[in-house]
Amino acid sequence: MAYFPLFIDLADRRVLVVGGGDTALRKTRTLREFGADVVVVSPQFDPSLLELAKEDASITLIAREYSEEFFSGDLALVIAATDDPEVNRQVAEEAKRRHIPVNSVDDPENCTFYFPAIVKDDDVVVGVSSGGKSPLVTQHVKKTIKSVLPDHIGEVNREMGEYRKKVREEVPGKEPEDQKKRASMLRRKLEELL
């Protein structure tokens, strides 16, 4: 069964990533793009992850083996990204027990959410999932979406947001004809910007 796509605000929310390799690095970078405070736990870290943490104070590296103690405090999400399936399973089980959404990399059965392939331009975000079945399909769809989106769609979105406020002030009514007028004005502006 397909998972329901849900966009959540991660700004200044704590996310636990267990693992210190390339996958943990990629997940951490993506989570930081969305403003999460990322705590990464691993006995060893990829050199690029060490460098990233030096540059970004919102990334905390803890050089230790995983234990349940890292679940203390308020966590928005948990990512199990080690190369040890047993550790990933333990992380997933603890997250599930605490009702915290968890993604266990390359282990769909232990996920309560899938980490999507993401196309992002400012506030315009598209998440793509194959239900954990085929990362290649997901990457293909992501690449296709990127190729058809206008390069400046984030800027268009910002301008449309400002214009929408202006239109609501100019046509404040709630009658159907007011709604139609607002929709028509917004469509014309979008066509102009695109």
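## Helices lying across the sheet

Helix 1, made of residues 22-33, lies across strand 1, strand 2 (37-41), strand 3 and strand 4. Compared with strand 2, helix 1 runs at about 165°. Keep in mind as you look around that this is a predicted model.

Helix 3 covers residues 85-97 and lies across strand 1, strand 4 and strand 5. How does helix 3 run relative to strand 5? The angle is about 165°.

## The sheet itself

Now for the strands that these helices lie across. They belong to an open sheet of 5 strands, in the order 3-2-1-4-5, with parallel pairing. Which strands form the edges? They are strand 3 (59-62) and strand 5 (102-104), and each of these pairs on one side only. On average, neighbouring strands of this sheet are turned by 15° against each other, if direction is ignored. As background, the strands of a sheet pair through backbone hydrogen bonds, in either a parallel or an antiparallel way.

Strand 1 is a good place to look at the pairing in detail. Strand 1 (residues 14-18) and strand 4 (residues 77-80) are joined in the parallel sense over 4 bridges, and here Val15 has Leu77 of strand 4 as its bridge partner. Strand 1 also runs parallel to strand 2, with 5 bridges joining the two. In that pairing, Arg14 stands opposite Asp37 of strand 2. Is strand 1 enclosed or open to the outside? Since 4 of its 5 residues are buried, strand 1 is largely enclosed by the rest of the structure.

## Rings and charges

How many aromatic pairs does a search of the whole structure find? There are 2. One of them brings together Tyr66 and Phe71: the ring centres are 6.3 Å apart and the planes stand at 85°, so this pair counts as edge-to-face. The cut-off behind that label is an angle over 60 degrees between the planes. Both Tyr66 and Phe71 are buried.

Rings can also have a charge sitting over them. For Phe34, the charged end of Lys120 is over the ring, at 5.4 Å from its centre. For Tyr163, it is the charged end of Lys189 that sits over the ring, and here the distance to the centre is 5.3 Å.

## Salt bridges along the helices

The structure contains 10 salt bridges. Let's begin in helix 3, where Glu86 and Arg89 are 3 residues apart, about one turn of the helix. Their side chains meet in a salt bridge, with N to O at 2.2 Å. Glu86 has a relative accessible area of 36%, so it is partly exposed. Arg89 is partly exposed too, with a relative accessible area of 27%.

Helix 3 also holds Glu94 and Arg97, again 3 residues apart, or about one turn of the helix. The side chains of Glu94 and Arg97 form a salt bridge at 2.7 Å, N to O. Which side of the burial scale does each partner fall on, buried or exposed? Glu94 counts as buried because its relative accessibility is 5%, and the cut-off for buried is under 20%. Arg97, with a relative accessible area of 54%, is exposed.

In helix 5 (residues 153-170), Lys165 and Glu162 are 3 residues apart, about one turn of the helix. Lys165 forms a salt bridge with Glu162, and their closest N and O atoms are 3.4 Å apart. With a relative accessibility of 49%, Lys165 counts as partly exposed. Some salt bridges share partners, and in this way Glu86, Arg89 and Glu93 are joined into one network.

## Two residues to find

Where is Ser130? Look in the loop between strand 7 (124-128) and helix 4 (135-148). Leaving out residues up to four places away in sequence, Ser130 touches Pro135 and Thr138. Ser130 and Leu190 are 60 residues apart in sequence, and their C-alpha atoms are 31 Å apart in space.

Glu155 is a residue of helix 5. Its relative accessible area is 41%, which makes Glu155 partly exposed. Pro47 is 108 residues from Glu155 along the chain, and 34 Å separates their C-alpha atoms.

How values were computed
Residues are numbered from 1 along each chain as its sequence is written. This is a predicted model: local features need pLDDT of at least 70, side-chain atom pairs count only at pLDDT 80 or more; totals for chains, interfaces and linings use all residues. Side-chain values use heavy atoms; hydrogens and water are left out. Rings of Phe, Tyr and Trp (its six-membered ring) pair if their centres lie within 6.5 Å; planes under 30 degrees apart count as stacked, over 60 as edge-to-face and the rest as tilted. Buried means under 20% relative accessible area, exposed over 50%, partly exposed in between (1.4 Å probe, protein chains only). A charge sits over a ring if NZ of Lys or CZ of Arg is within 6 Å of the ring centre and within 35 degrees of the ring normal. Two strands pair if DSSP finds at least two bridges between them. Axes are lines fitted to C-alpha atoms, for helices over the stretch in contact, and angles run from 0 to 180 degrees between N-to-C directions. Contact means heavy atoms within 4.5 Å. A salt bridge is a side-chain nitrogen of Lys or Arg within 4 Å of a carboxyl oxygen of Asp or Glu.
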